[in-house]
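Me: I would like to learn how to read the features of a protein model, one at a time. Could you take me through the one shown here?

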Amino acid sequence: MRCANLIGGRWVDPGDGPVLHVRDAATGQVVAQVPAATAEAAKAAIEAASTALPHWAATTTADRADFLRRCGQRLRSDRQRLANLITAEGGKPLAESLGEVDYSADYLDSAADEAVRLTAHTLPQRREGRVQVAVPDPIGVVAAVTPWNFPLAMLARKTAPALAAGCTQVAKPAEETPLSALAFAEILVEEGLPNGVVNIVTGEPGPIVAAWLDDGRVRKLSFTGSTEVGRLLMRGAASQVVCLSLELGGHAPFLVFADADIGAAVEAAVLGKFRVAGQTCICPNRFIVHSSVVEEFTARLAAAAKDLPVGRGTLPGVRIGPLISDEAVDRVRAQVQDAIDRGARVVTGGATIAVPGCLDRFFAPTVISGATPSMRCFEEETFGPLAPIASASDDDSMVRMANATHYGLAAYAFSADPQRLARAARQLDCGIVGCNTAAVSDAYAPFGGRGWSGFGREGGRWGVDEYISWKYICEARPD
Ligand code: SIN
């Protein structure tokens with residue numbers, strides 16, 4: 001594969017310039033090197049995207065949809081190769097990487113479906129002698145900054161709707177995981193991407209993102225990552241008034257009401273909490289369980305967590321791979337210690353597990369009981385395989401505890417009573433609610449949050465709408 005940047009249809013090698021070493025998250029071994037792009041490269045990418053814009057914006061939505069669909073098919077036929085890359089760079093278990101490739105292809109299909117629905121609207125005539133039309137113009141050149149936890153899916157989720165809307169794009173994958181993004185770009189080119197419509201630069205975020213925000217030609221930036229970085233981007237976007245979509249941190253509550261099917265809740269908790277070793281924005285971060293069932297839920301979750309195979313993502317059957325960095329391990333460890341210091345009990349896990357030939361980054365799936373809202377794990381996003389369980393004795397207190405946070409991305413509720421679920425779904429203050437399920441991700445649904453979890457939606461028609469600037473034309477037509 002190409003370990004180069006794509007700018008204006010040309011693959012730009014690092015040459016004698018600086019490089020970024022891409023390391024296997026499990027072993028720390030260098031698996032590839034890619035350019036560490038400078039501000040100049042970032043500006044060249046804008047130049048290419050600006051030049052390509054008028055032509056791409058003038059293509060028909062049917063042509064854009066065909067292109068996106070072809071790329072989706074290519075992702076599916078290259079599934080194994082792409083999954084191997086995702087696992088090599090981020091350490092994710094192979095089965096999850098394969099799922100990520102399918103999820104990415106779904107974003108291409110979903111944007112293709114929406115592209116052909118884009119249409120101008122003629123407003124109903126309210127006054128004689130004038131015709132009013134609303135036209136879905138593309139926003140223009142847009143930027144994407146994507147995270148390491150879903151390196152392919154998050155890029156597909158930003159690129160596909162941008163292209164469907166008629167925008168051109170400059171994109172920067174996470175420093176840790178640029179390889180699947182470059183493979184994605186290679187597929188776009190092979191499927192006929194016109195020069196400059198998508199440009200990918202790899203490197204440290206500072207100079208690249210500053211060049212994009214300060215330029216004046218980038219009209220929008222879509223970012224998935226931490227709340228802290230989201231705040232910096234909001235400040236940086238102010239001078240050129242760049243539109244933003246921000247998918248930031250999550251702190252999802254997982255509510256188990258007294259009448260819930262405990263077996264089903266445990267199964268969902270395992271899937272949601274331990275996916276990508278707990279490194280997803282929507283994974284349950286705080287378990288709030290009715291006091292009448294908390295003992296049973298805790299014992300069953302701990303038993304299931306203990307059985308999850310931990311190891312290198314390349315090995316068949318592995319469910320928990322490495323955390324992305326030593327800092328990530330330190331954060332989980334510190335949250336566990338803080339919980340113990342404040343009176344919680346580790347029911348299973350609580351430390352790293354040695355994996356031969358690998359770094360000390362494999363944190364055992366951990367369940368702690370007796371968690372309280374004052375503990376760090378109940379105040380901060382964990383981004384690791386830690387399930388802290390608190391209890392409460394009535395529905396209102398459970399929902400109140402769930403909403404006692406500035407974050408508002410996802411929440412989950414489990415109950416046998418549809419009315420109780422409907423009430424909880426109404427009351428939970430967040431963008432996504434899973435009722436009796438933690439498998440909410442869907443390329444056709446609106447994904448996004450509130451408060452410190454950011455704003456803007458990705459997926460389906462909502463995702464494409466983020467790249468449209470409606471133009472209202474009012475024409476006087478005297479008889
Ligand atoms: C995320 O962690 O931000 C994305 C999770 C998903 O789309 O399922």
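**Reading the features in turn**

Reply: Let us begin with a single residue, Val 241, whose place is in the loop between helix H8 (227–237) and strand E11 (243–247). Please keep in mind throughout that this is a predicted model.

Me: What is unusual about the phi of Val 241?

Reply: Phi is a backbone angle, and here its sign deserves attention: Val 241 has a positive phi of about 50° although it is not a glycine. Val 276 is another residue other than glycine with a positive phi, near 50°, and its place is in the loop between helix H9 (262–274) and strand E13.

Me: Which of these counts as buried or exposed, Val 241 or Val 276?

Reply: The idea is to look at the relative accessible area, where under 20% counts as buried and over 50% as exposed. Val 241 has 67%, so it is exposed, whereas Val 276 has 7% and is therefore buried.

Me: How should I read a pair of aromatic rings, and how many such pairs does the structure hold?

Reply: One looks at the distance between the ring centres and at the angle between the planes, with planes over 60 degrees apart counted as edge-to-face and those under 30 degrees as stacked. The structure holds nine aromatic pairs. In one of them, the ring centres of Trp 148 and Phe 383 are 5.8 Å apart and the planes stand at 90°, so this pair is edge-to-face. Trp 148 lies in the loop between strand E7 (141–145) and helix H5 (153–165), while Phe 383 lies in the loop between helix H12 (376–379) and strand E16 (386–392), so the pair ties together parts that are 235 residues apart in sequence. Phe 383 has a relative accessible area of 13%, which means that this residue is buried.

Me: What is the arrangement of the pair formed by Phe 254 and Phe 287?

Reply: That aromatic pair is tilted, with 4.8 Å from centre to centre and 40° between the planes. Phe 254 belongs to strand E12 (residues 252–256) and Phe 287 to strand E13 (residues 284–290), and the pair links these distant parts of the chain, 33 residues apart. Phe 254 is buried, at 0% relative accessibility, and Phe 287 is buried with a relative accessible area of 0%. Rings can also be read as a group, for Phe 254, Phe 287, Phe 297, Tyr 412 and Phe 414 form one aromatic cluster.

Me: Which charged residues lie over the face of a ring?

Reply: Here one asks where the charged group sits relative to the ring centre. Lys 220 lies over the face of Tyr 467, at 5.4 Å from the ring centre, and Arg 231 lies over the face of Trp 452, at 4.7 Å from the ring centre.

Me: Which residues are around the ligand?

Reply: A useful habit is to list the surroundings and then to look at the polar atoms. The residues around the ligand include Asn 149, Phe 150, Met 154, Arg 157, Glu 247 and Cys 281. An oxygen atom of the ligand is 2.7 Å from an N or O atom in the side chain of Tyr 103, and for the side chain of Arg 275 the corresponding distance is 2.9 Å. Ser 441 has a polar side-chain atom 2.4 Å from an oxygen atom of the ligand. The protein covers 100% of the 260 Å² of accessible area that the ligand has on its own.

Me: What caps the N-terminal end of helix H13, and which of its residues are buried?

Reply: A side-chain oxygen of Asp 394 lies 3.1 Å from the backbone nitrogen of Asp 396, and in this way Asp 394 caps the N-terminal end of H13. In H13 (residues 395–403), the buried residues include Asp 395, Val 399 and Ala 402. Among the elements that cover the buried residues of H13 are E12, E13 and helix H14 (418–427).

Me: Where is Thr 382, and which side chain does it join through a polar contact?

Reply: Thr 382 is in the loop between H12 and E16, and it is buried at 0% relative accessibility. A polar contact of 2.7 Å joins its side chain to that of Gln 335.

Conventions: Residues numbered from 1 in each chain as written. Predicted model: local features only at pLDDT ≥ 70, side-chain atom pairs only at ≥ 80, totals over all residues. Heavy atoms only, no water. Phe/Tyr/Trp six-rings, centres within 6.5 Å; stacked < 30°, edge-to-face > 60°. Helix = DSSP H or I, 4+ residues; strand = E, 2+ residues; numbered from the N terminus. Buried < 20%, exposed > 50% of the residue type's maximum accessible area, 1.4 Å probe, protein only. Lys NZ or Arg CZ within 6 Å of the ring centre and 35° of its normal. Near = heavy atom within 4 Å. Polar contact = N/O pair within 3.5 Å; in protein donor to acceptor, adjacent residues only side chain to side chain. Areas by Shrake-Rupley, 256 points an atom, 1.4 Å probe, with all protein chains shown as cover. Contact = heavy atoms within 4.5 Å.
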